[in-house]
Amino acid sequence: MTTSDHGKSIDGLRLRLESLRALLEPVSDWETLVREAREEDSDIRGKIFSGSFAGEDFSGLNFDGVLFDRCSFAEAALARCSFTGCMFAQSDLSNGSFQASRWYQSQLLEIKGIGADFGDCRLIEVVFGEAGMRYADFNRSRWQRVSILRSDFSETSFAEVKLNTVELREAQFSRSVFFRTMLAGIDFSSCRIDGMRFSEGAPELRGIRVNVAQAAQLAGLLGVEVVA
């Protein structure tokens, strides 16, 4: 389940979702599957998880080629999990703990992750599509080749995050925090950035790409007065 250019569009993600629903086998007894994976120190591969797992503990497990379809992981523990070639679709991750998790070539489509903790996680070739991530915590995370498509990251915390090749399309970052997170080369021109917060003097803005209206919004943070 690699992320192609086609997979970096909402339509492409939806096609991938339908393909995985047809291809993979649903889990019939998830508790036994999880217990055996822990006992044997093995990966969980090529399955479909569906239903409510709210408050459950999946911490430290490795998932490979798994579809999480219409799941609830509200307040669940998935800290230190690894997700390789996985997809979360139309699922609720709100207030879940994904701290120090590792993500590779995975997608999150039409999910709700309000207040979810992704602190210290590692994201490589990951796509967020129409995701609602308000109030989430990505502090100290590492991002490489990540795409955010029509998703809401308003009031989310990105303190001390390392960003490398990040693509943004029509995303919202209103009132989000970017303390000590350098934004050089990242194009926010199609995004909402009102009220974004930075360190004193806003050194994080050096090299950021914005449109004319956004430049006027950010000018005050740099001590620049725009005269009409």
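In this predicted model, Arg175 has a relative accessibility of 35% and therefore counts as partly exposed. Salt bridges with shared partners bring Arg175 into one network together with Arg134, Asp152, Glu155, Arg192 and Asp194. Within this network, Arg175 forms a salt bridge with Asp194, and the closest N and O atoms of the two residues are 3.9 Å apart. Asp194 and Arg175 are both placed in the loop between E11 and H3, yet the pair links distant parts of the chain, 19 residues apart. Asp194, with a relative accessible area of 25%, is likewise partly exposed.

The structure as a whole holds 21 salt bridges, among them one in which Arg14 is joined to Glu110 with a distance of 2.9 Å between the closest N and O atoms. Because Arg14 lies in helix H1 (residues 10–23) and Glu110 in the loop between E8 and strand E9 (122–129), this pair ties together parts that are 96 residues apart in sequence. Both partners are partly exposed, Arg14 with a relative accessible area of 32% and Glu110 with one of 24%.

A further salt bridge is found between the side chains of Glu160 and Arg180, at 3.2 Å from N to O. Here Glu160 belongs to the loop between E10 and E11 and Arg180 to the loop between E11 and helix H3 (212–219), so that parts 20 residues apart in sequence are tied together. Glu160 is partly exposed at a relative accessible area of 34%, whereas Arg180, at 59% relative accessibility, counts as exposed.

Aromatic contacts were also examined, and the count comes to 38 aromatic pairs. One of these is the edge-to-face pair of Phe88 and Phe98, with 6.4 Å from centre to centre and 80° between the planes. Phe88 is located in strand E7 (residues 87–89) and Phe98 in the loop between E7 and strand E8 (102–109), so placed that the pair links distant parts of the chain, ten residues apart. Both Phe88 and Phe98 are buried. Trwo aromatic residues, Trp143 and Phe158, form another edge-to-face pair, for which the centres are 5.9 Å apart and the angle between the planes is 65°. Since Trp143 lies in strand E10 (residues 142–149) and Phe158 in the loop between E10 and strand E11 (162–169), the pair ties together parts that are 15 residues apart in sequence. Trp143 counts as buried at 3% relative accessibility, and Phe158 is buried with a relative accessible area of 4%.

At the surface, Asp29, Glu31, Glu36, Glu40, Glu56 and Asp57 form a negative patch. Of these residues, Asp29 is found in the loop between strand E1 (25–26) and helix H2 (30–40), and counts as partly exposed at 40% relative accessibility.

Technical notes:
Residues are numbered from 1 along each chain as its sequence is written. This is a predicted model: local features need pLDDT of at least 70, side-chain atom pairs count only at pLDDT 80 or more; totals for chains, interfaces and linings use all residues. Side-chain values use heavy atoms; hydrogens and water are left out. Patches are made of residues with over 30% relative accessible area and no salt bridge: like charges are joined within 9 Å, nonpolar side chains (Val, Leu, Ile, Met, Phe, Trp, Tyr) within 5 Å. Accessible areas come from the Shrake-Rupley method with a 1.4 Å probe; for residues, only the protein chains shown count as cover. A salt bridge is a side-chain nitrogen of Lys or Arg within 4 Å of a carboxyl oxygen of Asp or Glu. Lys and Arg count as positive and Asp and Glu as negative; His and the chain ends are not counted. The place of a charge is taken as NZ of Lys, CZ of Arg, CG of Asp or CD of Glu. Helices (H or I, at least four residues) and strands (E, at least two) are DSSP runs, numbered from the N terminus. Buried means under 20% relative accessible area, exposed over 50%, partly exposed in between (1.4 Å probe, protein chains only). Rings of Phe, Tyr and Trp (its six-membered ring) pair if their centres lie within 6.5 Å; planes under 30 degrees apart count as stacked, over 60 as edge-to-face and the rest as tilted.
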